[in-house]
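Let's take a look at how some parts of this protein fit together. Have the structure open while you read, and find each residue as it comes up.

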Amino acid sequence: MSFTNLQKYLFILKNNLNIKKMLVLAFSLVLPIILKHKKIVFHKKTKITFFIPTRLLYYRADTFSQKEPETLAWIDTFQKNSVFWDIGANVGLYSIYAVKSKNCNVVAFEPSILNIETLIKNINLNIVTGK
């Protein structure tokens with residue numbers, strides 16, 4: 001966050017502007033940053049949005065349908081509303097596909113602190129929280 005943005009937040013808090021104005025300001029500052037780092041992918045008519053802050057994650061999103069076709073084919077065999085345990089979920093590519101394509105309930109484990117932030121952003125971008 002730049003010093004100017006911090007000054008805006010402090011001004012709002014200091015002057016007791018209502019929470020709605022504060023949220024509008026926060027979204028106006030954060031949303032463009034998030035939106036510029038995303039890629040929309042379609043696989044078998046399932047739309048998935050991936051957060052791609054790095055070249056590697058762009059590549060993984062771009063090759064989503066080709067990198068592990070056997071994993072996607074396996075997920076396609078799941079019954080609707082199944083439970084999918086994704087051990088080593090990484091940034092959630094297959095977890096999100098399972099939720100969006102088969103309405104699965106997913107338990108995603110990711111031990112790497114480096115991937116968790118992106119996993120959470122992918123969950124939120126695809127509006128699959130609570131699944």
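This is a predicted model, and a count of its aromatic pairs comes to seven. How is such a pair described? You give the distance of the ring centres and the angle of the planes. Here are two of the pairs, side by side:

| Pair | Centre to centre | Angle between the planes | Kind |
|---|---|---|---|
| Phe64 and Tyr94 | 5.7 Å | 25° | stacked |
| Trp74 and Phe78 | 4.8 Å | 85° | edge-to-face |

Start with Phe64 and Tyr94. Phe64 sits in helix α4 (residues 64-67) and Tyr94 in helix α6 (residues 93-102), so their pairing ties together parts that are 30 residues apart in sequence. Are these two residues buried or exposed? Both Phe64 and Tyr94 are buried. They also belong to a cluster, in which ring pairs link Phe50, Phe64, Tyr94 and Tyr97.

Now for the edge-to-face pair, Trp74 and Phe78. Trp74 has a relative accessible area of 47%, so it counts as partly exposed, because buried would need under 20% and exposed over 50%. Phe78 comes in at 14%, so Phe78 is buried.

**The hairpin**

Next up are two strands, β1 (residues 38-43) and β2. They pair in the antiparallel sense, over six bridges. Which residue of β2 does Lys39 stand opposite? It's Phe50, a residue you've already met in the ring cluster. There are two residues between the strands of this hairpin, and Lys44 takes a positive phi near 50° there.

Why can we call β2 largely enclosed by the rest of the structure? Strand β2 covers residues 46-51, and five of its six residues are buried, so the rest of the structure largely encloses it.

**The cavity**

Finally, look for empty space inside the model. The count gives one cavity of 30 Å³ or more, and about 40 Å³ of space lies in the largest cavity. Which residues line it? They are Phe50, Phe51, Ile52, Leu57, Arg60, Ala61, Val91, Leu93 and Asn122. Two elements, β2 and α3 (55-62), each give two or more residues to this lining. Helix α3 provides the largest share, with three residues.

And what is the lining like by class? There are seven nonpolar residues, one polar and one charged. Notice Phe50 once more: it's in the cavity lining, it's part of the ring cluster, and it stands opposite Lys39 in the strand pair.

Conventions. Residues numbered from 1 in each chain as written. Predicted model: local features only at pLDDT ≥ 70, side-chain atom pairs only at ≥ 80, totals over all residues. Heavy atoms only, no water. Buried < 20%, exposed > 50% of the residue type's maximum accessible area, 1.4 Å probe, protein only. Helix = DSSP H or I, 4+ residues; strand = E, 2+ residues; numbered from the N terminus. Pairing = 2+ DSSP bridges. 1 Å grid on protein atoms, 1.4 Å probe; cavity = no way out; pocket = protein on both sides within 12 Å on 5 of 7 lines; lining within 4 Å. Points joined across faces, edges and corners; volume = space filled by probe spheres on them. Nonpolar A, V, L, I, M, F, W, Y, C, P; charged D, E, K, R; others polar. Phe/Tyr/Trp six-rings, centres within 6.5 Å; stacked < 30°, edge-to-face > 60°.
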